[in-house]
Amino acid sequence: MRIRVGHLYPEYLNIYADRGNIAVLARRAALRGHELEVAGISVGDTVRPDELDLLYIGGGQDREQLLISPDLAGKGPALESAVAAGTALLAVCGGYQLLGRGYLGRHGDSMPGIGLFPHETYAGEKRMIGDVLLEAELVAGERRTIAGFENHAGRTRLDPGAEPLGRVVAGFGNDGESGYEGARVGRAIGTYLHGPLLPRNPWLADWLLSQALAHATGGDPPALEPLPDRLEAQAHAVSAQRARNRGGRF
Amino acid sequence: MSARLAVESLAARAASKLSRIAGVGGGTTLPGKLLWKLDPGAIDALAARLRDGAAVISATNGKTTTTAMAAEILEPGRRLAWNRSGANLVSGVASTLLAERDAELGLLEVDEGALPEVVRRVRPRAVLLGNLFRDQLDRYGELEHIAERWRAATAALPAETVLVVNGDDPQVGDMARERSNAIAYGIDDPRHARPALQHAADSRYCVRCGQPYEFAAAYVGHLGDYRCPACGHARPELQVRATEVELDGLHAASFLLETPAGSTRLRLPLPGLYNVYNALGAAALAQPLGASLEEIRDGLERFGAAFGRFERIPAGDKTVLVLLIKNPAGANEVVHTLLEGGAPSLLVIALNDAIADGKDVSWIWDVDFEPLLGRTERLIASGDRAAELGVRCVYGGLPEDALDVEPSLERALDRGLELTAPAGELVVLPTYTAMLELQRIVAERGWSKPYWERT
């Protein structure tokens, strides 16, 4: 099966090795006989909501985020209709912030978002940097861990009742206070965990692929053939241990 | 020297001896830390004693090598206070100034984050800024923040201070634009331009208006001949240039060095375009410090290697070739250089995640390891994050049966040497603390001296 992926602003938002996430999705799709077809969607390009099974948006520096934010505003309605129609989405760090309602800087400056996720972000005093461990339950009854690394000055507040991606076991998470990390709206997830999020958490990569396949076929998310993931499990274990030892400290 | 400074210096020097006796790190930063704690202003006084002043060198990549090259050029005939062990924070600078009491000229490699404070205290007569790449974002924050602090530090330099910049780096080159006392250097040889900007190129958008630059030539990462099609912001005129560059695999690079004082052809016994940049920086800095063109040529042609940067260490009848990797841009150049020398079929890569390496290892996904992985028959992934590195390589196309994951660097080294043919060379790519550990292992085995005993 062909899985059509739209990678938003790849040459602007790539600060934390975002292509690692794409590489993991591509290989894990290929090992199950599917083909990931990745197209960049950049400044001036048109989003065609019905031609996308999966959307990806990565992180950038403040400067790069400012450069793309006017263009993103124009793409907002198309992205929302894609997600509403079942396109899966992964937003990381800066991309996660921009897909909320907006970002308030410390000097009164603000950057509007597109409101796909029910949250607002404001700049904090200290950057929240370090290893993170989460517990998530994307499929009812299946509790899994997510290990990663966060580095953000923004504090993200979810609206009351909004669904986070997971609960913080160790680390800062959305704002360092709520105990929540990330956000989820249907098949769309956003998170501060950047860079190699998927290599260490292959089950999450498979969840995304399965959601994207559901959109591609119009059916239910299929079960994917399990892979050995021996190295991935080791990498996850080391990362999780790091988070337990040193996560959530300034 | 004031009485107070004398007492503090004495205490700090005693600490240096103690730390060497205790065998911790050769005592390179402990005395400086102590002195800095006792009296931060003591560094200002120590620097003021240097008869010929001081030069400060900073960059994301190449600052250790560039400083060592400048030292090789300047050392004959001048007594230097040079932090050769790479201790480049304020404490390391203080230790060096303290240890080299009779020095005439300070030659100080400085960490990017520490640059503003060192410049403020040392009041150098020359400052060299080499490049800015994304590096250890968990420690430095965003690249823009470092650039912002450098802009403020350079704007505050007195008019008589010479500012030497790599004109091929848009951010860094721009810092000298308004200065009369500035020297820009760069490469001018489009035959060596890369066909495209590398994947994770930084500074690809105009520093003034944000439009993407057009590169007539990109040599190393985003370093090259750029121009903004919208506002015209472009590479400054170069006073020091390398032209007619010839690269000789894993051995050398030769080029025509053009300077305001004349031109000379020279053969640098280090490979790769990134070392041409390092040599250009050293030459552009050495000239205003009083070196003649002949001294520059001879120094660069004599140059060995800086600690762990393309260093060949004898290991019994075999050799270990150590190439430090620490961020995407630097590691990409190491990969290019290895490919130009005919890619090795056996490779040890060691990834640690201590503070000095960067606790965030996501950068390994921004390195273009792929061309190397296609030719490697055996890759030994080592270090504290060996498994993560293994995952990176397998997702990058390395067959899983060609991979060994061996977190212990000592065992990884032994395994690598065992697989190396007699009289052969084992290539090891360590991150910073893995490189220190490697140096400790080879010193313990009597293959080389510990770094603090080298001259």
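**Sheets, domains and the contact between chains A and B**

Visitor: Across which strands of chain B does H14(B) lie?
Guide: In this predicted model, H14(B) runs at about 165° to S16(B). S16 is one of the strands that H14(B) crosses. The full set in chain B is strand S14 (346–350), strand S15 (378–382) and S16.

Visitor: Which strands are the edge strands of the open sheet of six strands in chain B?
Guide: The strand order in chain B is S12-S13-S17-S14-S15-S16, and the pairing is mixed. An edge strand pairs on one side only. That description applies to strand S12 (309–315) and strand S16 (403–406) of chain B.

Visitor: What is the average twist from one strand to the next in that sheet?
Guide: The sheet of chain B is open and has six strands. From each strand to the next, its twist averages 20°.

Visitor: Which residue stands opposite B:Val322 in S17(B)?
Guide: Strand S13 (residues 318–323) and strand S17 (residues 425–430) of chain B run parallel and are joined by four bridges. Within S17(B), the residue opposite B:Val322 is B:Val428.

Visitor: At what angle do H6 of chain A and H14 of chain B pack, and is H6(A) parallel or oblique to H14(B)?
Guide: Helix H6 (residues 230–246) of chain A and helix H14 (residues 386–395) of chain B have axes 8 Å apart and pack at about 140°. Because of that angle, H6(A) is classed relative to H14(B) as oblique.

Visitor: How many nonpolar residues does the contact of H6(A) with H14(B) have?
Guide: H6(A) passes H14(B) in a left-handed crossing. From H6(A) the contact draws A:Leu231, A:Glu232, A:Gln234, A:Ala235 and A:Val238, and from H14(B) it draws B:Ala387, B:Glu388, B:Gly390, B:Val391 and B:Val394. By class, two residues are polar, two are charged, and the nonpolar ones number six.

Visitor: Which element gives the largest share of the side of chain B that touches chain A?
Guide: Between the chains, 24 residues of chain B are in contact with 26 residues of chain A. The elements of chain B that give two or more residues to this side are H7, helix H8 (143–155) and H14. By class, the side has 11 nonpolar, five polar and eight charged residues. The largest share, six residues, comes from H14(B).

Visitor: Which helix gives the most to the side of domain 1 of chain B that touches domain 2 of chain B?
Guide: Chain B is assigned domain 1 (3–302) and domain 2 (309–453), and their C-alpha centres lie 26 Å apart. Contact involves 26 residues of domain 1 and 22 residues of domain 2. Helix H4 (63–74) and helix H7 (137–140) of chain B each supply at least two residues of the domain 1 side. With three residues, the element that gives the most is H7(B).

Visitor: Why is one side of S2 and of S11 in chain A left without a neighbour in the sheet?
Guide: The open sheet of chain A has the strand order S2-S1-S3-S4-S12-S11, with mixed pairing. Strand S2 (35–41) and strand S11 (183–185) stand at the edges, so each has a single partner strand.

Visitor: What angle does the direction of H1(A) make with that of S2(A)?
Guide: Strand S1 (residues 2–8) of chain A pairs with S2(A) in the parallel sense over seven bridges, and A:Arg2 stands opposite A:Glu35. Helix H1 (residues 18–30) of chain A packs on the sheet and touches S1, S2, strand S3 (54–57) and strand S4 (88–92) of chain A. The direction of H1(A) makes with that of S2(A) an angle of about 155°.

Notes:
Residues numbered from 1 in each chain as written. Chains lettered and ligands numbered in written order. Predicted model: local features only at pLDDT ≥ 70, side-chain atom pairs only at ≥ 80, totals over all residues. Axes fitted to C-alpha atoms, helices over the stretch in contact; angles between N-to-C directions. Parallel < 35°, antiparallel > 145°, perpendicular 65-115°, else oblique. Left-handed = near helix turned anticlockwise from the far one by under 90°. Contact = placed C-beta atoms within 7 Å. Nonpolar A, V, L, I, M, F, W, Y, C, P; charged D, E, K, R; others polar. Domains from an automatic or database assignment. Pairing = 2+ DSSP bridges.
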